[in-house]
Amino acid sequence: MADMLILTPSAAARVAAIAEKQAKPAILRLSVEGGGCSGFQYKFDLSDGPDADDSVSETDGVRLVVDPVSLDLVAGSTVDFVESLGGAAFKVENPQAAAGCGCGSSFGI
């Protein structure tokens with residue numbers, strides 16, 4: 001299952017920097033919650049470790065963990081970190097998303 005999700009080197013570097021500042025392990029948890037303007041929204045948190053049933057992907061020593069329920073909605077996705085004039089944020093490129101919104105943090109299936 002680890003190959004179902006991709007954490008880009010840019011995202012891995014950003015997670016590593018944030019984790020170092022917060023003295024936490026470099027583990028990014030991606031979850032999906034109901035809500036947002038398109039039905040579902042992405043949530044990012046640093047995690048102390050993966051749960052037993054999590055899917056785990058690793059890039060440059062940084063792990064991306066996703067719970068089984070969220071994995072059904074984000075399988076095949078790429079998590080990137082992008083910086084632009086509008087700001088900087090983690091971005092999920094989700095091939096399952098049939099609709100999205102301008103903010104990029106919510107989607108519909």
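Four exercises on a predicted model follow, each with a worked solution.

**Exercise 1. The three-stranded sheet**

Task: Work out which strands form the open sheet and which strands stand at the edges.

Solution:
- Start with the strand order. The open sheet has three strands, ordered β1-β6-β7. Their pairing is mixed.
- Now look for the edges. β1 (6-7) and β7 each have a single partner strand, so one side of each lacks a neighbour in the sheet. These two are the edge strands.
- Check one pairing. β1 and β6 run in the parallel sense, joined over two bridges.
- Locate a residue pair. Leu7 sits opposite Val79 of β6.
- Add the helix. α1 packs on the sheet and touches β1, β6 and β7. The direction of α1 makes about 80° with that of β6.

**Exercise 2. The nonpolar core**

Task: Find how many residues the largest nonpolar core has, which of them have the most contacts inside it, and which elements each supply at least two.

Solution:
- Take the count. The largest nonpolar core holds 20 residues.
- Rank by contacts inside the core. Leu7, Leu30, Leu64 and Val79 have the most.
- Map the core to elements. At least two residues come from each of α1 (9-21), β2 (27-34), β5 (62-66), α2 (68-74), β6 (78-84) and β7 (87-93).
- Zoom in on Leu30. Skip its neighbours within four places in sequence. The contacts of Leu30 then include Leu64 and Val79. Also among them are Tyr42, Phe44, Val74 and Val92. Lys43, Asp67 and Ser70 are further contacts of Leu30.
- Set this against the general pattern. Nonpolar side chains tend to be buried together in soluble globular proteins.

**Exercise 3. Aromatic rings**

Task: Search the whole structure for aromatic pairs and name the residues that ring pairs link into a cluster.

Solution:
- Apply the distance test. Ring centres must lie within 6.5 Å to pair.
- Count the hits. The search of the whole structure gives two aromatic pairs.
- Join the pairs. Phe44, Phe81 and Phe90 are linked into a cluster.

**Exercise 4. Positive phi outside glycine**

Task: For Ala23 and Asp60, give phi, place in the chain, and whether each is buried or exposed.

Solution:
- Begin with Ala23. Its phi is positive, about 55°, though the residue is not a glycine. Ala23 belongs to the loop between α1 and β2.
- Test its accessibility. Exposed means over 50%. Ala23 has 72% relative accessibility, so it counts as exposed.
- Repeat for Asp60. Its phi is also positive, about 50°, and Asp60 is not a glycine. Asp60 lies in the loop between β4 (55-59) and β5.
- Finish with its area. The relative accessible area of Asp60 is 62%, so Asp60 is exposed.

Terms used:
Residues are numbered from 1 along each chain as its sequence is written. This is a predicted model: local features need pLDDT of at least 70, side-chain atom pairs count only at pLDDT 80 or more; totals for chains, interfaces and linings use all residues. Side-chain values use heavy atoms; hydrogens and water are left out. Rings of Phe, Tyr and Trp (its six-membered ring) pair if their centres lie within 6.5 Å; planes under 30 degrees apart count as stacked, over 60 as edge-to-face and the rest as tilted. A nonpolar core is a set of buried Ala, Val, Leu, Ile, Met, Phe, Trp, Tyr and Cys residues joined through side-chain atoms within 4.5 Å. Buried means under 20% relative accessible area, exposed over 50%, partly exposed in between (1.4 Å probe, protein chains only). Helices (H or I, at least four residues) and strands (E, at least two) are DSSP runs, numbered from the N terminus. Contact means heavy atoms within 4.5 Å. Two strands pair if DSSP finds at least two bridges between them. Axes are lines fitted to C-alpha atoms, for helices over the stretch in contact, and angles run from 0 to 180 degrees between N-to-C directions.
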